[in-house]
Amino acid sequence: MKPSHVSRRDFVKTVTAAGMGSMLAGPALAQTAAPPPMPLRPFGKTGIKVPMLSLGGIFDIAANQLVLKRALDFGVTYWDTAEVYVNGNSEKGIGIYLEKNPGLRKQLFLVSKAGGSHSPAGLDRSLNQSLERLKTDYLDLYFLHGIGGGDALSPEVKSWAEKTKAAGKIRLFGFSTHGGMERTLQAAAKLGWIDGLMLKYDFRLMQTDAMRAAIDACANAGIGLTAMKTQGGGPLRAETEADLKLGGHFIKRGFTDKQAKVKAVWENSQIASICSQMGSIAVLESNVAAALDKTKLTASDHSALRLYAGQTCTTYCAGCTHLCEPALGGHVPVADVMRCLMYHRVYGDAALAQQTFASLPAEARARLPHLDGALAQAVCPQGLPVAQLLREAHQLWNGDIG
């Protein structure tokens, strides 16, 4: 039966209620009426427009087929994955879907990332493997995955990107970053050959002068910006009075605190899209509702978010690795360890946490129990208990995952 048309407001109400109900009572509705079009935004100065909501593909083959279909129903046609996600099964799952539905490829803005060597030969291997898994002969955007400084953006990489674009294997090139972001973004803005990037960006970081300056620099350089990790979670899971108060504030406004957090990011028009890991229909529908809802956050809403950020700052890693990592002699990627703990505790995804931790350099993992984490803790502007968290990461994964 063909879905009936509904207004944007009615759709948002229905989907928001379904999403909230799923968090409290059970699964969201499997079908909803046809939604209004997903809003599009310019991706920097590339001439391409992308949906303001992107599907993060950290899930496996069995889980993703229905989510992929429903994402298309909602106009979420920007799909993000990486060769390292779920040991390659994320790419394989998308490839299975595209092989069954070959006419859909041209509707998508398809993105993947190189998680291995960043040498030209290594990038060739990574890209060719991703294309094979995804069952496509080109990517709309290809990233270096998780770089933490401008050093990775070498002349060799530039030449490789230009050659690969000319061969028609990629349309755009850039990188993703989780730590040392402000400095990395500033470096990228000066290069003149980065088309797009994905960065950790949330209601906390968007308030800082350094991040504002970095975003401005990239926007002025015409770089398309995708925000990730927009919930502002950290390595400590703490359900506090502050969480309850924030949730109560936004429920009265007609949406959840999670939806408010993504709405805050979307209010910055320099952000082309938010990439959200959406492994279930309920999360997908909740994010779609937030994207379609035209309600603006008020001064009181922003004040509530700022107050919450201040009250919970000691649970959050801001990724300022230029401070903590030198204090430990540069031996451990602190922000990446904190990200593993966040996946484990906040996402509740033990497998992703373990896989991400296993991808860290073996020598860094081996050093964890021997480091004086108090040195990093002393310079952390967030007051994060770094020493405790490094010890806990070692205890969780024994510092030795092959």
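**A buried leucine, an enclosed strand and some aromatic pairs**

Leucine 384 turns up in the loop between α16 (373–379) and α17 (386–397). The model looked at here is a predicted one. Despite its place in a loop, leucine 384 is buried: its relative accessible area is just 2%, and the cut-off for buried is under 20%. Who does it touch? Setting aside neighbours within four places in sequence, leucine 384 is in contact with Pro235, Thr314, Thr315, Tyr316, Cys317, Met338, Gln377 and Leu389. Valine 262 sits 122 residues from leucine 384 along the chain, and the C-alpha atoms of the two are separated by 24 Å.

One of those contacts, Tyr316, shows up again with a charged partner. The charged end of arginine 204 sits over the ring of tyrosine 316, 4.7 Å from the ring's centre. A similar arrangement involves lysine 263, which lies over the face of phenylalanine 255 at 5.4 Å from the ring centre.

Next comes strand β9. Five of the five residues in β9 (residues 224–228) are buried, so the rest of the structure largely encloses this strand. Gly224, Thr226 and Met228 point one way, Leu225 and Ala227 point the other way, and all are buried. On one pairing, β9 runs parallel to strand β8 (residues 196–200), with five bridges joining the two; leucine 199 has alanine 227 as its bridge partner in β9. To get from β8 to β9, the chain passes through helix α7 (residues 209–220), making a right-handed β-α-β crossover. Strand β9 also runs parallel to β10 (residues 273–277), this time with two bridges, and here alanine 227 is partnered with isoleucine 274.

The structure also holds ten aromatic pairs. In one of them, the ring centres of tryptophan 79 and tyrosine 97 are 6.1 Å apart and the planes meet at 65°, so the pair is edge-to-face. This pair links distant parts of the chain, with tryptophan 79 in strand β4 (residues 78–80) and tyrosine 97 in helix α3 (residues 89–100), 18 residues apart. Both rings belong to buried residues: tryptophan 79 has 0% relative accessibility and tyrosine 97 has 10%.

Phenylalanine 173 and tryptophan 193, by contrast, are stacked, at 6.2 Å centre to centre with 15° between the planes. Phenylalanine 173 is in strand β7 (residues 170–177) and tryptophan 193 is in the loop between α6 (181–189) and β8, so the pair ties together parts 20 residues apart in sequence. Phenylalanine 173 is buried at 0% relative accessibility, and tryptophan 193 is buried at 11%. Together with Tyr142 and Trp160, Phe173 and Trp193 form one aromatic cluster.

Technical notes
Residues numbered from 1 in each chain as written. Predicted model: local features only at pLDDT ≥ 70, side-chain atom pairs only at ≥ 80, totals over all residues. Heavy atoms only, no water. Helix = DSSP H or I, 4+ residues; strand = E, 2+ residues; numbered from the N terminus. Buried < 20%, exposed > 50% of the residue type's maximum accessible area, 1.4 Å probe, protein only. Contact = heavy atoms within 4.5 Å. Pairing = 2+ DSSP bridges. Right-handed = clockwise from strand over helix to strand, strands pointing away. Phe/Tyr/Trp six-rings, centres within 6.5 Å; stacked < 30°, edge-to-face > 60°. Lys NZ or Arg CZ within 6 Å of the ring centre and 35° of its normal.
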